[in-house]
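Subject: Handing over the model

Hi,

Here is the structure I promised to pass on to you. Have a look at it first, and then read on for what turned up in it.

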Amino acid sequence: MARVMRIALYQPEIAGNVGAILRLAACFAVPVDIILPTGFAFSDARLKRAAMDYGASADVTRHANFAAFDAERRAQGRRLLLMSAHASQRLPDVEFRADDVLLMGSESAGVPVEVRDIADIRIRIPMAEGFRSLNIAVSTGIAVAEALRQTGKFPQ
C-alpha cells in the first residue's frame, strides 16, 4: 500500500483550530499526527466536538513528544516540511512528494529552533505586503491542497 501525506501539529494550543484541521484531514483523507503536549484539555470527545461530525473520520495519531514523533518519521524515511511565516522557501516553489509530512507549529510560538533545524524544507505561504501570518487551519488547508494537487492525490 502506498504511503500517504501526513499533517503534523506541534503542540497545538487551540482546540477549535485542531478541530478545523481534523475536519480538513478527514475530507482529504490525510492522517494527522498530534505532538503533545497540547494547550487545551486533550480528549477524544473534545476533539470530536471541535471537528463536529467529521472528527470520528479523522485518522489521528498522538505522540508523547517531538522526539517520539521524529523517531517514527525517520524510521519511515519521510521528509519533514515545516510551514513557517519566517521561512524563505515559497510554497509555490516546493516540489512535494506524496508521502511528505507537513509540520505546523503551535499558534503562538511556532516550533523551537532545534525542531526548525531538523526540517528538510522550511516553507512559507506568500502574502500581500504588510501581513505576517494566516490562521493555522487556513495555512494547513492551503499547504495540503497544493501538496495534494502537485502529487495527484486529491480524493476522487
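One cut-off before anything else: a residue counts as buried under 20% relative accessible area, as exposed over 50%, and as partly exposed in between. D117, with a relative accessible area of 47%, is therefore partly exposed. Please also keep in mind that this is a predicted model.

**Salt bridges**

D117 is a good place to start, since its side chain meets that of R116 in a salt bridge, 3.0 Å from N to O. The partner R116 is partly exposed too, at 35% relative accessible area. Salt bridges that share partners also join D70, R73, R74 and D120 into one network.

How many salt bridges are there by this rule? The count comes to nine. One of them links D100 and R79, whose closest N and O atoms are 2.8 Å apart. D100 sits in the loop between β5 (89-90) and β6 (101-104), while R79 sits in the loop between α3 (66-76) and β4 (80-83), so this pair ties together parts that are 21 residues apart in sequence. Are these two buried or exposed? Both D100 and R79 are buried.

R90 and D93 form another salt bridge, with 3.0 Å between the closest N and O atoms. Here R90 counts as partly exposed, at 32% relative accessibility, and D93 also counts as partly exposed, at 45%.

**The strands around β1**

Strand β1 covers residues 6-10, and five of its five residues are buried, so the strand is largely enclosed by the rest of the structure. R6, A8 and Y10 point one way from β1, and I7 and L9 point the other way. You may want to colour R6 when you look at this strand, as it is buried along with the others.

Which strands does β1 pair with? With β6, the pairing is parallel and runs over four bridges; in that strand, L103 is the bridge partner of A8. With strand β2 (residues 32-35), β1 is likewise joined by four bridges, and the two run parallel. Across that second pairing, A8 stands opposite D33 and L9 stands opposite I34. To get from β1 to β2, the chain crosses through helix α1 (residues 15-28), and this β-α-β crossover is right-handed.

In β2, V32 and I34 point one way, D33 and I35 point the other way, and all are buried. β2 is also joined to strand β3 (residues 60-63) by four bridges, again in parallel. There, the bridge partner of I34 is R62. I34 thus appears in both pairings, standing opposite L9 of β1 and bridging to R62 of β3.

**Aromatic pairs**

A search of the whole structure finds three aromatic pairs. In one of them, the rings of Y10 and F66 have their centres 6.1 Å apart and their planes at 65 degrees, so the pair is edge-to-face. Y10 belongs to strand β1 and F66 to helix α3, so the pair ties together parts that are 56 residues apart in sequence. Both Y10 and F66 are buried.

F28 and F154 form an edge-to-face pair as well, at 5.4 Å centre to centre and with 75 degrees between the planes. What does this pair tie together? F28 lies in helix α1 and F154 in the segment after α5, so the pair connects parts that are 126 residues apart in sequence. F28 counts as partly exposed, at 23% relative accessibility, and so does F154, at 34%.

There is a cluster to look at, too: Y10, F66 and F69 form one aromatic cluster.

**A nonpolar patch**

Finally, on the surface, M127, F131, L134, V138 and I142 make a nonpolar patch of about 430 Å². Among them, L134 lies in the loop between β7 (121-124) and α5 (136-151). L134 is partly exposed, with a relative accessible area of 35%.

Happy viewing, and all the best!

Terms used: Residues are numbered from 1 along each chain as its sequence is written. This is a predicted model: local features need pLDDT of at least 70, side-chain atom pairs count only at pLDDT 80 or more; totals for chains, interfaces and linings use all residues. Side-chain values use heavy atoms; hydrogens and water are left out. A salt bridge is a side-chain nitrogen of Lys or Arg within 4 Å of a carboxyl oxygen of Asp or Glu. Buried means under 20% relative accessible area, exposed over 50%, partly exposed in between (1.4 Å probe, protein chains only). Two strands pair if DSSP finds at least two bridges between them. A crossover is right-handed if, with the strands pointing away from the viewer, the path from the first strand over the helix to the second runs clockwise. Patches are made of residues with over 30% relative accessible area and no salt bridge: like charges are joined within 9 Å, nonpolar side chains (Val, Leu, Ile, Met, Phe, Trp, Tyr) within 5 Å. Accessible areas come from the Shrake-Rupley method with a 1.4 Å probe; for residues, only the protein chains shown count as cover. Rings of Phe, Tyr and Trp (its six-membered ring) pair if their centres lie within 6.5 Å; planes under 30 degrees apart count as stacked, over 60 as edge-to-face and the rest as tilted.
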